[in-house]
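Colleague: Walk me through this model. I want the criteria behind each term.

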Amino acid sequence: MLPKEVASSLSTQWPCRDVQMRQLASLLSPHVPSPSTLVVHGISATCKSTILRAVLATLEVPHAIVRSSECITGRHLLTKIIWNTLEALEQKEDWEKSGKGRCEHVSGLAVLLEECLAARPVEKQGKFVLVLDEIDRQRDAPHTLLSALARLGEIVPSLCVVLVLSSTPRPLFLQSAAVPHVSFPPYTRKEAIHIILSSNAPVVDGLPDETSTRVYPYFVSTVYDSLVGPTAGSIPDFRSICDRLWPRFVAPVVNGETPQGGNNEWDFSRLLVKNRVIFRHQGESALVHRIVPDETPASAKRAPLAKTLMPSALPSLPYFSTLILTSAYLASHTPQRLDTIFFSKFSSSSLSARNKRAHHRRRLKVLSQAQAEERQAANDDPSTPKKGKRTKTRITKSTLSSAFATSSATTSAIGGGAGIAGPSTILTARSFPLERLLAIYHAIDPNPPATPLRVAAVADRIYAELATLRRLRLVVPAASHNAMATSSGNTTADAGDKWCVNVSGDWIGELAKGIGVEVGEWLAGGLD
Amino acid sequence: MDADGLNDALGLSNDKSQNLGAYIYQPPKHRKSAGERPSKRRKVSSTADKDERPDRQHFVPLLNGDENAKSVQLRYDAYQELWSKQEHKIQVSQANSWVVIVINYSPGLKNILEDVDAGVLTDVLSFVRDTSPQTCDGCIPTALVTVGSNVSSLSRLLSRLNGQLISAGEGSVVVLESGDAPNLKTTLKNIIRATVTNTDGNDGYQRFLTDRAGPRLLGYDLDLLHDYVQRKGTKKLVLALRDSEAFDPGLLTDLLSLFKSWLDRIPFTVLLGISTSVELFEGRLPRSCVALLQGKHFEVQEAGNCVDRIYETLQTDPDTNLWLGRNVTSTLFENTSDYFQSPEAFSRMVKYAYMSHFFANPLAVLLANPDSTVLAQNKFCEAIRNLPSFRMFCEDLVEEGSINQVRDMLEVDEYLIQEAPKYLDANQQRMQNMFQAVRVVHTCLQYTQSSKKTNVSDLSIRALSGELSESTIVEEMVATTKTLDSDKLDGLLLRLREIIMGPEAGAIQEDLRTLLGTCVNSGPLRSGYNINSTVTKTTVVQQRILLSKGQADLSEPAVEYTNIVDRLVALLQVHLTETLINPQDLFLHEIFLFDLRNPLKETFAPRPRFAIERALSTPFDYLLSSSDVTMTKVSAKQPATAILYQLYLDSGALVNVHDLWQAFYGVFETEEAGGCDDRVVMSLFYGALSELKAFGVIKNSRKKTDHLAKSAWMGL
């Protein structure tokens, strides 16, 4: 079968991949010698594996496919390669001959593969293709694995190794010259729309077919331009967004509403004007996958503007734990040098002390604003020398007003606002030593013990509750906050170790209000 | 420095009496010497150890050690028996309380017992049955179960789910905890092993590994699971993560992406137990991981409910003979509301309370119904006579005029031993009646009030302090009962009849039934106290409006009904005032009422940090001082670490080591007038410094090389 014929037979099912199919078909054809190694690369959802499988099946080349993402260790991968090869060669019963199904190292793999391939009957001696899917995602891979696998084809003459990568390879990353690469680029706008339109519009009850065929192409391209293109969405995303939005888009037609402007016929532009709002609200929420999908049925009669999905009830914690979490939050969000001003017991109630605190809160907010702006400016113009720029600490009227125009600082936490979050601002959660948490706990306790002599027991109780909070990942050791990769099991909790709060401030604020603590009193920009 | 001073300082002196004030922990001695390899842990049945000392006494003799062995053993046995009974009750009540949760979840259900399997379980089960990757857009079907802070409630749900799936032959549930998942390899191994042992047992797992065609696979290869699923014909394999938040997010992502790629061969369903909220959980996972999951949200909440239920069963059960007093109760519930506490922890605290009662109270032997020979120890009677309640009882008897009885009780041991169990029985009966009355009040409140929730524990605390009968709660309850119409009253009587067994209650119900039988068609009857039966009259007198309330004319049945209501209210009031007594007034209440706040509170809230700080800052609170004068300030007689710690307390956040050394040396210099050896003091200093470092109170400062940073402050 000629490469052209392969491509034409497959392209009805997988359109827009003619070039890649022909390349693969000509490289892997059973009648011409293949390169010993072949690299197929492209980002996810570009049909790499599917096309490769389809081409191999059409060409009827004997082949084995190993999904590297299913292999836990390097050894596991090698064992799987051997096993799948035996299976493809129908030599499964002879597993004891070839290393008893065990393979510890790549050099052993070469020997075993050679034996297996040599054991084939003479009429089947020919090309054998070994596909290693997502090999760049292999866990625990030794760094020589890729280049070693690339050599397999040189050692075993009848073998062709196909490496499928989902990242763009560096030049000469296999340490050998002239390995043919087949690239699967992301689908262009035209291709993506073509693919979506090659299947019919989702069926909506009560919608005339004629309207559907007329409006749907426009709808699909609008969805691409507004939602999928800017977010680099893949084809499955594109399809699911279209499926979800289409019934809402044509809802006016189904409900028998009459368009404005004296015309009885709905055309695309009228529908678009009527439904502008879906692209803003539902469209954006459609981009984000949630574990619990939106409950509103797609065929809802009226597109509801308000969010119908109530956020599930926020969890409530026991009294003591709430207080600890609150103190952890405050410790994370208050600069340490201001502790004496905010938390000292000696100046807690006088008017001047309050004014002083309010002043510092405002000042902090302005500072963080200024920092955020500065970083924004630095991002926009990387050529600006960083040296010589001092943090703007002077409060002018304009900075104040701009500071108060934006949202309150209490909303910040992981992520936070788009411009405000960052490693260095006042508004991101920072780590704190445990002793500071204890001290702040004593400062904000709404029911302080009547006799100050009996406070001593609290610290030990705090540790116990903190352990539970840590298990819930509400408060985490600072090291694991930065690098989540650390194992969950054993971290030492020394007095000097730093901790960090790990949840959003709004929720903690609510909780703290429940037990009579006003968080805003101590935060930058709170209470204003 | 002379030799004595040095020995004192180093703690080397042979005079061991110095240490008598402190407990010294000695690890149990092993038979093998330190150099040998520790023996391998093997599964050996522990019977051998038990046989060594069969007669070991668990409790120590009390009454200054004069208590006889039999009585000690009786106390121990009584405790064991009591706890095994109560434990059984707790398990039953926990099972039931889960039913209550189920009912709360779906309020439409009425009959509690018939719908055990309803609610969350049915929902989750039908979710597991109905969903498949195809219905979830190719994602892994996921059930998110929020359980609040009560993680243990999930395990009951899971075991029932497992039972149902296995019995239907559809699949099974594998429970995974964060402790089982240190890394991907071990996690997979654990999952595979748990899945196979769940249905085939441990031997089945071994056979499964060996009896396969082909090479032996690695333990973490999901091919094994694939094989298993094919052999068993499993349709649903539910993987439940009990504490999902505690899993490492990176590991979870790896695991889920692995499941996703196997989803076409192994029918996974993931069940995540969440303690906080779905949003928080979702927010913490990477987007790529969230994109793999799709499913539904279920809710199981309320640990407090469960605890209330346990408490109610323990206290109000008719065959209870030892009760928890007011202080203990309030301590228990304080813990539940203030801290993360599971029902299991709650029952452990209750167990400890019972144990400490039998352990420390020699009179508790009376609860074991001993024969009089056991009690015939002279100190025992003395102990009874020293009870405050005995004194009160005698005073009451004297006031009543039965002086002879008092004299007998004070002087004749036999008489006292004979009489005490009788009084004990009688008073225990009164306690039981009291708790029945609490249940009556609770039932009435539940029936009459819809808005405010009053639980048994609140009522019990009031009743145990003798305040319930005069409280506003009861007054309001009686007032509302008066206004009930006949249908509701009938329902209330039906519920009360289970608790009050008096003939009067039965008679009232009879009368009400006959009354209702005569007037079937007139709808529910209203009593004269009902708001609808009073009529407000408006009269204008001298241009003023007078409002006067008056009884509307009541129909014949209504009058009769009002009579019945009056009788019921009277019965209730009499019953409550009779039974709701102050338990502290009862004779021998020290025996059947445990009300000491202290061992419980201290035991479950240990204070290691406080103890260490105290030991370091005032060491002679723990160690015996060799000199007679109690010293408050630093002296060379104290252990070196304690001296250094006190000096450290005086300093700021950064301490210059040289200054510290100077001060330390100064302490020794002033005490030893004859001059002391620099090198010895220096070695003490280094030892103390490294000990403080081991405690974690100091660390090296990065700001200044010759400074130490303070990392712990005293009194936090």
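**Strands, contacts and confidence**

Modeller: Strands β11(B) and β12(B), the latter residues 707-710 of chain B, pair in the antiparallel sense over 3 bridges. This is a predicted model: local features need pLDDT of at least 70, side-chain atom pairs count only at pLDDT 80 or more, and totals for chains, interfaces and linings use all residues. Residues are numbered from 1 along each chain as its sequence is written, while chains are lettered from A and ligands numbered from 1 in the order in which they are written.

Colleague: Why are β11(B) and β12(B) called paired?

Modeller: Pairing needs at least two DSSP bridges between two strands. These strands have 3, so they qualify. In β12(B), B:Ala709 is the bridge partner of B:Lys699. A strand here is a DSSP run of E, at least two residues; a helix is a run of H or I, at least four; both are numbered from the N terminus.

Colleague: What makes β10 and β11 of chain B edge strands?

Modeller: Each pairs on one side only. The open sheet has 3 strands in the order β10-β12-β11 (chain B), with antiparallel pairing. Its twist averages 35° from one strand to the next. Helix α28(B), residues 657-671, packs on the sheet and touches β10 and β12 of chain B. The direction of α28(B) makes about 65° with that of β10(B). Axes are lines fitted to C-alpha atoms, for helices over the stretch in contact; angles run from 0 to 180 degrees between N-to-C directions.

Colleague: How many residues does each chain give to the contact, and what counts as touching?

Modeller: Chain B gives 61 residues and chain A gives 50. Two residues are in contact if their C-beta atoms, placed from the backbone, lie within 7 Å. On the side of chain B that touches chain A, the largest share, 6 residues, comes from α8(B).

Colleague: Why is A:Leu437 called buried?

Modeller: Buried means 20 or more other C-beta atoms within 10 Å of the residue's own; exposed means 12 or fewer, partly exposed in between, with C-beta atoms placed from the backbone. A:Leu437 is among the residues of α17(A) that meet the buried criterion. The cover over the buried residues of α17(A) includes α13, α14 and β8 of chain A.

Colleague: What pLDDT does chain B average, and where does it stay under 50?

Modeller: pLDDT is the predictor's confidence in each residue, from 0 to 100. Chain B averages 77, and 80% of the residues score at least 70. Residues 1-20 of chain B stay under 50. Residues 97-118 of chain B are also below 50. For the complex, the predictor gives an ipTM of 0.77 and a pTM of 0.72.
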